[in-house]
Amino acid sequence: MIEFILLNVQIPHALLDHIYIVMVNTTLPANIGAAARAMKTMGLSKLVLVAPKTYPSDDAIALAAGASDVLDQAMVVDTLEDAIADCELVFGTSARSRTIPWPLLEVRAATGIAVEQVAQHQHKIAIVFGREDRGLTNEELALANYHLTIPVNPDYGVLNVAAAIQLVCYELRMHALAQISINDEVSSANANNAPQMPINTNLSMDWDEPLVTHAQMQQFYPHMESMLADIDFIDPQNPRLLPLRIKRLFGRIQLDRVEYNLLRGIFGRVQALARGQWPPETLLHKNKSNQFNNDPNKPDDSLDSLESQQDNQPHV
């Protein structure tokens, strides 16, 4: 056994105690034990197990090697949704390209954001690890705010789940150590305890659709306000700060072309429903004629066709 002399620096427990390591459908109990050992070595203690194949297990205790307290207090839940229900920020570990690009961060940047969120806002953070043989499903990854990746050797990118947890926990500890000095420097500046909004301006990734322009967003906001007025959610004569808050909300994110058209289509459909203009007469006549048509080769009106008709209507 190799033992390391660790830096004698105490990290406030509250900093790393807000970070949960979540393991989904783990097959080998030994990996759970090794993960607990990796966590305790780096000062983490919150382990969540989602429907493990075999647990509790003597193998897990044996591989924990002195970190059985992490196993003793581990939470076992049935679903990933249960595991992350109370978390404000979720990272899903992934090594594969996905059909729809998701914000993807390398482990150092991701763990830096995680520790920063805890330090500034006391948010609960979950870092989710998938099955040994196939990782997380697309549906599970869609529950994450960010995807986290470890830049391994592209010629041999095989990393045991417990080893991956060790790497992530190490990066978390290093950011936590750095945060101690940062907190000392800015404590006086935050004496008023005002809430802070994180703004990341140095992160980017390849995307599959072009981002909308400022001019397009200037068409987006009036359309949204018009829709909210049609459903009596906003008083056009006295909107208060709502339009400004809407602009601030969407100003913090960047819509791409597909997302923009999707939302504009939703706004238009809601307006048509509110005004009693949906479904249109042409669609009603078409549906009525289809009731008397038993031709199995003739398709019914699908969601895509309805959306296509809505897209052809002018936005208000």
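The legends below describe close-up views of a predicted model.

**Figure 1. Overall architecture of the predicted model.** The protein has 316 residues, of which buried residues make up 37%. Its secondary structure comprises 13 helices and 7 strands. Among contacts between residues at least 6 apart in sequence, 83% join residues at least 24 apart.

**Figure 2. The largest nonpolar core, with Leu47 and Phe91.** This core contains 41 residues, and Leu47 and Phe91 touch the most other members. Helix H8, spanning residues 161-186, makes the greatest contribution, with 7 residues. Apart from this core lies another, of 16 residues, which includes Val48, Val77, Leu136 and Ala144.

**Figure 3. The surroundings of Phe91.** With residues up to four places away in sequence not counted, Phe91 touches Leu105, Ala110, Ile113, Ala114, Ile125, Ala126, Ile127, Val128, Ala144, Tyr146 and Leu148. One of these contacts, Ala144, is a member of the core of 16 residues.

**Figure 4. Leu136 in the loop between strand E6 and helix H7.** The loop that holds Leu136 runs between E6 (125-129) and H7 (138-141). Leu136 has a relative accessible area of 3% and is therefore buried. Leu136 is among the members of the core of 16 residues. The C-alpha atoms of Leu136 and Ala95 are 9.7 Å apart, while the two residues are separated by 41 residues in sequence.

**Figure 5. Gln179 within helix H8.** Gln179 is located in H8, the helix that gives the most residues to the largest nonpolar core. The relative accessible area of Gln179 is 9%, so this residue is classed as buried. Leaving aside neighbours within four places in sequence, Gln179 is in contact with Leu15, Val115, Glu116 and Ala119.

**Figure 6. Buried cysteines Cys87 and Cys169.** Cys87 has a relative accessibility of 15% and therefore counts as buried. Cys169 is likewise buried, with a relative accessible area of 0%. A search of the whole structure finds 0 disulfides.

**Figure 7. Packing of helix H9 against helix H10.** H9 (residues 214-230) and H10 (residues 242-251) pack at an angle of about 135°, and their axes lie 11 Å apart. The two helices are therefore oblique to each other, since angles that fall outside the roughly parallel, antiparallel and perpendicular ranges count as oblique. The crossing of H9 past H10 is right-handed. From H9, Met217, Phe220, Tyr221, Met224, Glu225 and Leu228 take part in the contact, meeting Leu242, Pro243, Ile246, Lys247, Phe250 and Gly251 of H10.

**Figure 8. Packing of helix H9 against helix H11.** The angle between H9 and H11 is about 25°, with the axes 9 Å apart. H9 is therefore roughly parallel to H11, as angles under 35 degrees are counted in this way. H9 passes H11 in a left-handed crossing. On the H9 side, the contact is made by Gln216, Met217, Gln219, Phe220, His223, Met224, Ser226, Met227 and Asp230. The partners in H11 are Tyr260, Leu263, Arg264, Phe267, Gly268, Val270, Gln271 and Ala274. Met217, Phe220 and Met224 of H9 also meet residues of H10.

**Figure 9. Cis peptide bonds preceding Pro56 and Pro279.** Most peptide bonds are trans. The bond from Tyr55 to Pro56, however, is cis, with omega near 0°. Pro56 lies in the loop between strand E2 (46-50) and helix H3 (58-64). A cis peptide bond also joins Trp278 and Pro279, where omega is about 0°. The loop containing Pro279 lies between helix H11 (257-274) and helix H12 (281-290).

**Figure 10. Positive phi at Ala65 and Asp232.** Most residues other than glycine have a negative phi. In Ala65, by contrast, phi is positive, near 50°. Ala65 is situated in the loop between H3 and helix H4 (68-72). With a relative accessibility of 44%, Ala65 counts as partly exposed. Phi of Asp232 is also positive, near 60°. Asp232 belongs to the loop between H9 and H10. The relative accessible area of Asp232 is 69%, so this residue is exposed.

Key. Residues numbered from 1 in each chain as written. Predicted model: local features only at pLDDT ≥ 70, side-chain atom pairs only at ≥ 80, totals over all residues. Heavy atoms only, no water. Core = buried A, V, L, I, M, F, W, Y, C linked by side-chain atoms within 4.5 Å. Buried < 20%, exposed > 50% of the residue type's maximum accessible area, 1.4 Å probe, protein only. Helix = DSSP H or I, 4+ residues; strand = E, 2+ residues; numbered from the N terminus. Contact = heavy atoms within 4.5 Å. Disulfide = S-S within 2.5 Å. Axes fitted to C-alpha atoms, helices over the stretch in contact; angles between N-to-C directions. Parallel < 35°, antiparallel > 145°, perpendicular 65-115°, else oblique. Left-handed = near helix turned anticlockwise from the far one by under 90°.
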